[in-house]
Amino acid sequence: MSFASLGLSEALVRAVSERGYESPTPIQAKAIPAVLSGGDLLAGAQTGTGKTAGFVLPILQRLSTTAPRRAGAGGARPIRALILTPTRELAAQVEESVVAYGRHVKLSSTVVFGGVNINPQIDRLRRGVDILVATPGRLLDHAGQRTVDLSGVEVLVLDEADRMLDMGFIHDIRRVLKLLPAQRQNLLFSATFSDEIKALADGLLNKPAMIEVARRNATAEGVVQRVLPVDRVRKRELLSHLVREHNWFQVLVFTRTKHGANRLAEQLAKDGIPALAIHGNKSQNARTRALAEFKSGTLQVLVATDIAARGLDIVELPHVVNFDLPNVPEDYVHRIGRTGRAGAEGEAVSLVSPDENGLLRDIERLVKRQIPRETIAGFELDPNARNEPEVDDRPPRPSRRPARGAAPRQNAPRPGGSASQRPDGAAAQRTAASTPQRPAASVPQRPAASAPQRAAQPASPAASTRPFGVGGVRGRPTRSGR
Ligand code: AMP
């Protein structure tokens, strides 16, 4: 099958062939004709499947072959397509794709996200763009300042909608929807279909075409997965050993906490391995710099938390290391989706301490296979070692079921108030009035963290089993800090 046979114009076919794409990926083969037909779409696809081109290409085609429905404010060109993404990195990457695929058509685009100066964004929006890629919080800031006019939007894309809900953006999304004209095409992409996603889709989509491509956990053939049992206290040593012994380059390492990411990057650097951490508490400049160095190959190891790593598109990333297993089994699939992409071979190694065996079982149940264990000589488990779970510093995701063996959560308020940091730079705040008290009996009792861990890692305020939207699991974001 060719891109031309999907009904795309010569200018778009030329652009993808210049990118080196020979044929459409399965999601593109299904999504492109569906979007070109003009109807709504509900698509099940993850990052790494080529989903971005699946919606960007037909949007470019549609906008380049039709006139705007209405003029923008003051006669300016209206924003005709709005693409919402959960993270800044994903927003930047999607907009890069819009530029790359649209290089032979006369359309303009820009990206707005938090954590950076808003003024250049205002200038750019004032000059008029056809396609706007945005994170919800910063978009609403622009709307509040009347520096964006969304009344001419013809196509709305919610990219990685499940992540947006997990990250507490539902209220923001609903507020954005109110700013859009009622008549428009809606495209919703999500890797998973929780009840919350179904509810959002029901309210948003009109008789949508439904497409789904195989999840990577069903098809991750290009990824060699291994579990290396090791005591928690020796994980860092083992990681340094592996990186040095095998001369690994471009290693993406996942930790469960921001604090853990910082600590690990510092320790690796002390071991002589160039490493930086990337997470929601880092400034946007620091994140961009770390990512650029990692992509160019000058940075050997990038240590990331799940949310920060979301949407990173590093082609043919050879090594992914789970320094901690994720609490939510689906995150394992997202993590290993970073490697072996677009048919390339990749390796995903998990350093699993005995306290994580429950999490490992949940992951193996999800991926429907046993991941081979391999003990590295010199790093055998010590029966007397203390293996205590790392305490989360991330707001819990509203999972369908509690993850077994999950890190302890306490109901204690966060130091300095109840604010938690959102990945787009906004502080998510829970107020006493908006936060109903959870009955003590429904809070899973787990062992308390050790004192040093508690001091270092503020506890998450809510249990992972609370349904999304009830009492605002992530709470309503403040308008500051975007
Ligand atoms: P995405 O899932 O949209 O993040 O895309 C994942 C990766 O696949 C990106 O690096 C794309 O450049 C690449 N890609 C997208 N479509 C194709 C294609 N048809 N052939 C080869 N690579 C592709």
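A residue is called buried here if 20 or more other C-beta atoms lie within 10 Å of its own, and exposed if 12 or fewer do. With that cut-off in mind, and remembering that this is a predicted model, select strand 2, residues 81–84, where A81 and I83 on one side and L82 and L84 on the other are all buried, which leaves both faces of the strand covered. The general rule at work is that in a regular strand the side chains alternate between the two faces of the sheet.

**The sheet around strand 2**

Next, add strand 4 (residues 131–134), which pairs with strand 2 in the parallel sense over four bridges, and look for L84, whose bridge partner in strand 4 is A134. Then add strand 5 (residues 155–158), which also runs parallel to strand 2 and is joined to it by four bridges; in this pairing L82 stands opposite L156. Moving on to strand 3, you will find that it pairs with strand 4 over four bridges, again in the parallel sense, and that V112 stands opposite A134 in strand 4.

Now widen the selection to the whole sheet, an open one of seven strands with parallel pairing, in the order 3-4-2-5-6-1-7. Strand 3 (109–112) and strand 7 (209–212) stand at the edges and have a single partner strand each, so one side of each is left without a neighbour in the sheet. If you compare neighbouring strands of this sheet, the turn of one against the other, direction ignored, is 15 degrees on average.

**The nonpolar cores**

Which residues have the most contacts inside the largest nonpolar core? Select I59, L82, Y101, V133 and A134, which hold that place in a core of 66 residues. Helix 3 (residues 51–65) supplies the largest share of this core, with seven residues. A second, separate core has 39 residues, and L252, V303, L317 and V349 are among them.

Return to V133 and display its surroundings: leaving out residues up to four places away in sequence, V133 touches I83, T85, A91, V94, E95, V98, S109 and V111.

**Helix 9, side by side**

Select helix 9 (residues 195–204) and colour E196, I197 and L200, its buried residues. Looking down the axis of helix 9, you will see that these buried residues fall within an arc of 100 degrees, so they line one face of the helix. On the other side of helix 9, D195, K198 and D202 are exposed. To see what covers the buried residues of helix 9, show helix 7 (161–166) and strand 6 (185–190), both of which are included in that cover.

**R236 and its surroundings**

Go next to helix 11 (residues 235–245), where R236 is placed. Is R236 buried, partly exposed or exposed? R236 counts as partly exposed because it has 18 C-beta neighbours inside 10 Å. Apart from neighbours within four places in sequence, R236 is in contact with L264 and Q267. A distance drawn from R236 to F323, C-alpha to C-alpha, should read 8.2 Å, although the two are 87 residues apart in sequence.

**The whole chain**

Finally, zoom out to the full chain of 482 residues, 49% of which are buried, and which contains 17 helices and 16 strands. Of the contacts between residues at least 6 apart in sequence, 79% join residues at least 24 apart.

Key: Residues numbered from 1 in each chain as written. Predicted model: local features only at pLDDT ≥ 70, side-chain atom pairs only at ≥ 80, totals over all residues. Helix = DSSP H or I, 4+ residues; strand = E, 2+ residues; numbered from the N terminus. Arc of directions from axis to C-beta. Contact = placed C-beta atoms within 7 Å. Core = buried A, V, L, I, M, F, W, Y, C linked by C-beta atoms within 7 Å. Pairing = 2+ DSSP bridges. Axes fitted to C-alpha atoms, helices over the stretch in contact; angles between N-to-C directions.
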